[in-house]
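Got the model open in your viewer? Let's take a walk through it, one selection at a time.

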Amino acid sequence: MKYVLNGPRITLIHLEPSLHNAKLMQQVLLKNKKHLSPWMSWARTLKNTPQAIKDRHNFLIQTDKDWDNDRAYEYVIVLNDKIIGACSATSADIPNKKAELAYWLAKDYCGNGYIAEALNILETELFKNGFNKIIIRNDTLNKNSINVAIKAGYELEGILKADKWLKHEKRFRDTNMFAKFKNK
């Protein structure tokens, strides 16, 4: 997988682990904490502390290890030299030629097709690298993410009932499972 993937308007970049990059990412995440928290449990725990920067740096170190071991491919979405989100192939399953995509976008950039473009860029690279199935999971209440998956040509394979326990809501939530195939 390439470290830099260029699209018509955006670029996907695998960030090198550094404190500078950790700070850049943390700034975007903190600014968008409220926007991301309903759908991403990790966003609820974001803090503006020196330890949080170290944690983000450790995350970048781990994504580098995962990359080197073909377990995941983490990219940030860059527009005009600014990080505006992330789009990643997580849970890469090389033997079964499948991967799961995860993504988020800063609130100020929603509704402009940047996630659809990022998905297209990343899935094209995955298909070129031998993957056959790409999966997107999202909360059944996350209408924006559902619309992105459908518009990007993913088909709903099923709904995983009571799939996630949301401690802050004290209830289970269902998860959609969408997929797109290179060869079907």
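Start by selecting S145, which sits in helix α5, residues 143–151. Keep in mind as you look around that this is a predicted model. Is S145 buried or exposed? The cut-off for buried is under 20% relative accessible area. S145 has 9%, so S145 counts as buried. Now show what surrounds the residue: setting aside neighbours within four places in sequence, S145 is in contact with Y103 and N138.

Next stop, helix α1. Select residues 19–31. That gives you 13 residues, reaching 18 Å from the first C-alpha to the last, close to the 18 Å expected at 1.5 Å a residue. Colour N21, A22, M25, Q26, V28 and L29, the buried residues of α1. Turn the view until you look down the axis of α1: these buried residues fall within an arc of 165°, so they line one face of the helix. A bit of helix geometry helps here: an α-helix has 3.6 residues a turn, so residues three or four places apart point the same way. On the other side of α1, pick out H20, Q27 and K31, which are exposed.

What covers the buried residues of α1? Bring up α2 (33–36), α3 (50–68), β3 (73–79), β4 (82–93) and β5 (98–105), which are among the elements that do.

From that list, go to α3. Its 19 residues should span 27 Å at 1.5 Å a residue, and the end C-alpha atoms are indeed 27 Å apart. The buried residues to highlight in α3 are A52, I53, R56, H57, L60, T63, D64, D66 and W67. Their cover includes α1 and β3. Just past the helix, click on D70: this residue follows α3 and has a positive phi, near 55°.

Now over to strand β3, where you'll find V78. With a relative accessible area of 13%, V78 is buried. Leaving out residues up to four places away in sequence, V78 touches I10, T11, I13 and I83. Then try the distance tool on V78 and A118: they are 40 residues apart in sequence, and their C-alpha atoms are 9.9 Å apart in space.

Time to look at empty space. Rolling a probe the size of a water molecule over the atoms shows where such space is left. How many cavities of 30 Å³ or more are there? The count comes to one. The largest cavity has a volume of about 40 Å³. To frame this cavity, select its lining: H14, L15, M25, L60, T63, E74, Y75 and V76. Both α3 and β3 supply at least two of these lining residues, and β3 has the largest share, with three. By class, the lining has five nonpolar, two polar and one charged residues.

Last stop: the second largest pocket, which holds about 330 Å³ of space. It is lined by 19 residues, and those closest to its centre are V28, K82, I83, A106 and Y109, so select these five to centre your view. Which helix gives the most to this pocket's lining? That is α1, with five residues. α1, α2, β3 and β4 each supply at least two. Finish by colouring the lining by class: nine residues are nonpolar, four polar and six charged.

How values were computed. Residues numbered from 1 in each chain as written. Predicted model: local features only at pLDDT ≥ 70, side-chain atom pairs only at ≥ 80, totals over all residues. Heavy atoms only, no water. Helix = DSSP H or I, 4+ residues; strand = E, 2+ residues; numbered from the N terminus. Buried < 20%, exposed > 50% of the residue type's maximum accessible area, 1.4 Å probe, protein only. Contact = heavy atoms within 4.5 Å. Expected span 1.5 Å × (residues − 1). Arc of directions from axis to C-beta. 1 Å grid on protein atoms, 1.4 Å probe; cavity = no way out; pocket = protein on both sides within 12 Å on 5 of 7 lines; lining within 4 Å. Points joined across faces, edges and corners; volume = space filled by probe spheres on them. Nonpolar A, V, L, I, M, F, W, Y, C, P; charged D, E, K, R; others polar.
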